[in-house]
Amino acid sequence: MGMWFGGTELWMLVFGVAVLVLAIRLAPVLPARARFLAGVLIGLSALVGMSWVLPLYPGHTPASSGVQLLTLRMVDFAFEPNVIQAALGTPINLELINGGDVTHTLVIPGHIRVTLLPGERTIVGLGTVEPGMYDFFCAAPGHRGAGMTATLVVGPEGMAVR
Ligand SMILES: [Cu+2]
């Protein structure tokens with residue numbers, strides 16, 4: 001799916017509901033082809049809605065040995081800490097704890113997408129990550145804008161923190 005941005009799903013949801021309402025109201029007068037199109041749009045919207053709840057990138061099972069465990073807390077509305085440092089060459093397991101009162105997600109575009117309910121805790125495996133700085137954010141509507149962003153730094157200790 002590639003890049004995702006906070007708020008996109010909300011607009012898709014609004015769009016989906018609008019199409020659904022329109023389709024129901026117009027169903028008796030619409031030609032079959034238009035009803036089919038409305039059905040497809042509703043289906044796509046439902047998929048996007050589900051992807052907000054379910055992990056979008058499967059297969060990030062935690063590695064079991066020789067790993068570094070990094071802990072990241074989600075609160076309303078921030079990641080703590082907001083810069084996490086990982087060493088090079090060792091698989092990363094990321095422990096996520098939602099210590100807030102609302103549902104939060106962690107999205108590293110192109111890598112992972114995880115949703116945690118309040119009080120939930122999980123460990124996701126990122127595998128061995130190439131050196132670099134990876135910005136991530138919470139995709140729940142409005143959270144990214146409220147400052148729920150952070151950076152994973154993979155590299156030597158003390159490597160560039162902006
Ligand atoms: Cu959040």
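## Fold and confidence of the protein chain

Of the 162 residues in the protein chain, 21% are buried. The model is predicted. Two helices and nine strands make up its elements. Both helices come before the strands: from the N terminus, the order is α-α-β-β-β-β-β-β-β-β-β. Contacts reach across the sequence. Among those with a separation of 6 or more, 66% link residues 24 or more positions apart.

### The four-stranded sheet

Which strands form the open sheet, and in what order? Four strands do, arranged as β2-β1-β4-β7. The pairing is mixed. β2 and β7 (121-127) lie at the edges, and each has a single partner strand, so one side of each lacks a neighbour in the sheet. From one strand to the next, the twist averages 30°. Strands of a sheet pair through backbone hydrogen bonds, in either the parallel or the antiparallel sense.

The pairings across this sheet are as follows.

| Pair | Sense | Bridges |
|---|---|---|
| β1 (residues 68-75) and β4 (residues 92-98) | parallel | seven bridges |
| β1 and β2 (residues 78-80) | antiparallel | three bridges |
| β4 and β7 | antiparallel | six bridges |

β1 and β2 also form a hairpin, with two residues between them. M74 offers a good place to read the pairing. On the β2 side, M74 stands opposite F79. On the β4 side, M74 stands opposite N98. One step along the sheet, I97 has R121 in β7 as its bridge partner.

### Where to trust the model

How confident is the prediction on average? The mean pLDDT of the protein chain is 81, and 80% of the residues score at least 70. Over residues 1-7, pLDDT is below 50. That stretch still has 13 contacts in the model beyond near neighbours in sequence. A second stretch, residues 55-59, also stays under 50. For residues 55-59 the model has nine contacts beyond four places in sequence. Where pLDDT is low, the predicted coordinates should not be read in detail.

Which element has the lowest mean pLDDT, and which the highest? Helix α1 (residues 8-26) has the lowest, at 73. β2 has the highest, at 96. β2 is also an edge strand of the sheet, and its hairpin partner is β1.

Note on methods: Residues numbered from 1 in each chain as written. Predicted model: local features only at pLDDT ≥ 70, side-chain atom pairs only at ≥ 80, totals over all residues. Buried ≥ 20, exposed ≤ 12 C-beta atoms within 10 Å, placed from the backbone. Contact = placed C-beta atoms within 7 Å. Pairing = 2+ DSSP bridges. pLDDT = per-residue confidence, 0-100. Axes fitted to C-alpha atoms, helices over the stretch in contact; angles between N-to-C directions.
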